[in-house]
Amino acid sequence: MLELKKGIDILAEIGGINSPEEATALFESKCDRKNLEKLGKITNEEALVKIANAIAMTDPDAVFVNTGSDEDVQKVREMSLATGEEQPLAMRGHTIHFDLPQEQARIVDRTFYIVNEDEDVSVLAKKILREEAYEYVKDHMPGIARGKTLMIGFFSRGPVGSQAALPAIEITTSTYVMHSANILYRNAYDHFDRETQRAGLFLTNIHSEGPNRPEDLPNARVFMDRSWLTTFSMFCTYAGNTLLLKKGNHRFAVDLATYYHRGEELSEHMYITGLTGPGGRKTFFAGAAPSGCGKTATAMAGTDFIGDDLARLWIAEDGTLRGINAEFGIFGIVQDVSLESDPHLMNCLREEGAEVIWSNVLIDKDKVPHWAGNGEEHPKRGINFQGDWQEGKTDEDGKAIPLSHPNARCTLRNNSIGNYSEEVGENPDGARIQVVTYSGRDSDTMPPVWVAKNPDHGVVIGASILSAATATEVGVTGVRRQPWANEPFIPGPLSDYMDAQFKFFNSGKLKAKPIMAGLNYFLTHGARGGEGTGLLGEKRDVKAWLGWLELRVHGEVDAIETPIGFIPKYGDLNKLFAGIGKEYPKSLYDKQFSFHIENIMARIILQEEAYKKERTPPPTLFEVYEEQKRGLEALKAKYGPVVTVEQLIEGAWK
Ligand code: SPV
Ligand code: MN
């Protein structure tokens with residue numbers, strides 16, 4: 001169980017400000033008239049004390065309150081060019097930010113949950129005791145803002161007023177972080193007091209990059225204080241480590257859903273997108289995928305894009321499933337974004353009109369950004385995340401340095417994106433979600449799409465995600481379990497989170513149950529009798545898989561029942577592929593949908609073994625695995641290790 005406000009409040013302890021009066025006195029000594037006035041409009045005393053403590057602790061030269069006004073937003077842009085955290089590019093509204101070469105992704109080895117003596121965290125997460133964290137912050141954060149301006153912004157994670165939106169404060173010395181927040185989140189300065197009352201809480205984030213030198217990186221830390229809903233981040237710049245409105249607060253949101261709204265709310269690492277079906281109907285999807293596994297691409301494949309990273313889901317009074325995007329923009333991986341695969345995104349990146357912060361791509365002499373896999377001709381030299389770069393440049397180990405880092409990103413607002421649905425995306429009632437998807441990076445086992453036969457099986461699809469390591473985390477390799485693709489962001493024991501999933505999707509209040517599906521884009525030729533690691537599918541196929549799910553949820557396509565769920569019939573897919581202008585040979589379908597029983601069994605056993613190590617995992621999980629294994633074993637006994645779709649249709653396993 002998680003208890004809020006338990007143990008010492010590290011920030012208050014170090015800042016030493018305990019009352020609104022002391023806070024006001026500090027503001028008067030540290031803020032100019034204009035910023036003092038801006039703070040004067042905030043009446044939430046707890047928030048004012050937090051802000052005062054952040055100022056007292058970090059001791060900046062100046063304070064800047066970002067109200068989200070055009071003037072303030074413009075000021076942050078200008079400050080970021082002045083500090084050099086960003087540089088202007090040739091295209092109007094575009095800038096480049098570089099993170100240090102050693103900090104191109106989330107620093108999972110230096111990321112910790114602050115816990116009290118007796119608290120459990122996920123076995124997959126790192127924790128630090130409150131006392132130790134206190135010592136660390138006290139040693140490293142006091143005075144960290146000297147010589148700098150400390151910026152304070154008030155944001156909403158979700159459309160203001162939505163029942164699932166969470167107000168949050170971002171306090172940082174980094175102009176890049178505040179600029180990113182201005183793009184990725186809705187400024188809620190004008191509504192902050194009302195929103196904190198509605199939500200009954202707010203989240204606080206305090207960051208400083210310090211001197212931003214490689215030698216400080218070993219001391220970099222990301223701490224999440226679960227009890228005080230406060231994050232501390234120091235000596236780093238990569239947004240995943242510093243803009244803690246994003247993943248830091250997502251972790252708190254997971255806690256809040258799991259421990260305070262179990263069975264009513266979920267906080268997921270999910271895209272939300274809509275697809276236009278027959279007759280112009282709109283069907284909304286929410287789907288999880290681990291970082292770097294095609295989540296943005298899936299979201300962009302929709303006709304009504306809502307979000308690409310963080311969803312808050314809840315059951316509405318009318319029994320429907322609702323979802324909002326916690327964010328208002330994307331911090332998307334640019335590698336392999338090309339005109340052919342991502343026309344909407346490319347339009348923002350290559351045509352004038354959008355405000356874009358690029359990070360860690362190559363900048364040529366004309367101040368134009370370039371990145372790997374964009375299908376364009378690449379310059380032979382330029383400046384990238386390693387400094388001066390020319391083709392063939394290698395690092396100390398003799399390895400070629402790529403043109404752009406595989407985790408290089410673009411930051412832009414949703415309303416710059418052609419298929420963004422402002423109408424649904426900004427609706428506090430959220431999108432009505434009818435399809436939930438789970439995907440990983442699986443080269444040899446699961447078919448491209450399958451639908452769970454009931455909510456329990458659906459929850460188990462989420463529990464069973466696997467992925468190969470991606471470039472989104474520093475120093476991580478190998479194939480990993482990725483429960484719900486949310487594993488890096490689940491603070492508490494997985495059993496608690498899983499219990500919350502079962503309760504939510506089985507809830508009697510959830511009258512309009514979504515269909516729950518697995519997706520896998522990463523089957524290779526090598527795993528299906530061919531050669532090499534080339535993929536059987538391509539990005540645009542996503543439209544066919546989503547299209548089939550759209551028809552399925554409306555009961556307009558039949559499906560083949562298997563022990564793991566329902567898979568599509570060839571004829572239906574063939575029509576959908578024709579709709580996207582692509583041949584879809586039966587031979588490809590057979591490769592994608594025949595069952596390689598031993599792989600599927602091994603995948604289940606791997607999960608069972610791992611989940612048995614958790615304390616008190618819900619028994620339903622093992623019951624579903626048992627049921628699936630029985631069916632798979634029956635299939636294998638009858639047909640051998642590879643079972644064709646025709647054999648699956650016979651239904652002999654039942
Ligand atoms: C991810 O890695 O899942 C991201 C980017 O969305 S980060 O902000 O690093 O989490
Ligand atoms: Mn993410």
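This is a short walk through a predicted model, starting at its metal site and ending at a few spots elsewhere along the chain.

**Stop 1: the manganese ion**

Select ligand 2, the manganese ion, and show the side chains around it. Which residues coordinate the manganese ion? You should find Lys247 through NZ, His269 through NE2 and Asp309 through OD, at 2.1 to 2.3 Å. Keep in mind that water is not among the atoms, so a metal site may look incomplete.

Now trace those donors along the sequence: their spacing reads K-x21-H-x39-D. Colour by secondary structure and you'll see His269 in the loop between β12 (265-268) and β13 (270-276), with Asp309 in the loop between β15 (304-307) and β16 (311-315). The pair therefore ties together parts that are 40 residues apart in sequence.

Switch on a surface for a moment. Are His269 and Asp309 buried or exposed? His269 is buried, at a relative accessible area of 1%, and Asp309 is buried too, at 6%.

**Stop 2: ligand 1**

Keep Lys247, His269 and Asp309 on screen and add ligand 1. The residues around ligand 1 include those three metal donors. The rest of the list to select is Arg106, Tyr238, Gly240, Lys246, Ser291, Phe331, Arg409 and Thr472.

Next, put some distances on the polar pairs:

- Ser291: a side-chain N or O atom sits 2.4 Å from an oxygen atom of ligand 1.
- Lys247: a polar side-chain atom is 2.7 Å from an oxygen atom of ligand 1.
- Asp309: a polar side-chain atom is 3.2 Å from an oxygen atom of ligand 1.

How much of ligand 1 does the protein bury? On its own, ligand 1 exposes 280 Å², and the protein buries 97% of that. If you have a pocket display, turn it on here: the largest pocket is the space that ligand 1 takes.

So Lys247 and Asp309 are worth a second click, because each one shows up twice on this tour: both are donors to the manganese ion, Lys247 has its 2.7 Å pair with ligand 1, and Asp309 has its 3.2 Å pair.

**Stop 3: Val474 and Arg106**

Stay with Arg106, one of the residues around ligand 1, and select Val474 as well. Their C-alpha atoms are 6.0 Å apart in space, although 368 residues separate them in sequence. Val474 belongs to the loop between β27 (466-468) and β28 (479-481), and at 27% relative accessibility it is partly exposed.

Slide back to strand β27 and pick Leu466. Leu466 counts as buried, at 15% relative accessibility. Draw a C-alpha to C-alpha distance from Leu466 to Gln482 and you'll get 5.2 Å, for two residues 16 apart along the chain.

**Stop 4: two positive phi angles**

Time for some backbone. Most residues other than glycine have a negative phi. Two exceptions are easy to look up here.

Asp336 comes up with a positive phi, near 70 degrees. Look for Asp336 in the loop between β18 (329-333) and α12 (343-350), where it is partly exposed at 41% relative accessibility.

Then jump to Asn360, whose phi is also positive, at about 65 degrees. Asn360 lies in the loop between β19 (356-359) and β20 (362-363). Buried or exposed, this one? Asn360 is buried, with a relative accessible area of 0%.

**Stop 5: Asn374**

A little further on, select Asn374 in the loop between β21 (369-370) and β22 (381-384). Asn374 is buried, at 3% relative accessibility. Show the backbone of Trp371 too: its oxygen lies 3.3 Å from a polar atom of the Asn374 side chain.

**Stop 6: two last picks**

Select Gln163, in the loop between β6 (149-157) and β7 (166-172). At 52% relative accessibility, Gln163 counts as exposed. Add Ala544 and draw the C-alpha distance: the two are 34 Å apart in space and 381 residues apart in sequence.

Finish at helix α17 (residues 570-579), where you'll find Asp572. Asp572 is buried, with a relative accessible area of 17%. From its C-alpha atom to that of Ala517, 55 residues away along the chain, the distance is 17 Å.

Definitions and conventions. Residues are numbered from 1 along each chain as its sequence is written. Chains are lettered from A and ligands numbered from 1 in the order in which they are written. This is a predicted model: local features need pLDDT of at least 70, side-chain atom pairs count only at pLDDT 80 or more; totals for chains, interfaces and linings use all residues. Side-chain values use heavy atoms; hydrogens and water are left out. Donors are N, O and S atoms within 2.8 Å of the metal (3.2 Å for Na, K and Ca); water is not among the atoms, so sites may look incomplete. Helices (H or I, at least four residues) and strands (E, at least two) are DSSP runs, numbered from the N terminus. Buried means under 20% relative accessible area, exposed over 50%, partly exposed in between (1.4 Å probe, protein chains only). A residue is near a molecule or strand if one of its heavy atoms lies within 4 Å of it. A polar contact is a pair of N or O atoms within 3.5 Å; within protein, one must be able to donate a hydrogen and the other to accept it, and residues adjacent in sequence count only if both atoms are side-chain atoms. Accessible areas come from the Shrake-Rupley method with a 1.4 Å probe; for residues, only the protein chains shown count as cover. On a 1 Å grid over the protein atoms alone, a cavity is a set of points where a 1.4 Å probe fits but cannot get out, and a pocket is an open set with protein on both sides within 12 Å along at least five of seven lines; lining residues have an atom within 4 Å of a point. A molecule sits in a cavity or pocket if more than half of its atoms lie within 2 Å of its grid points.
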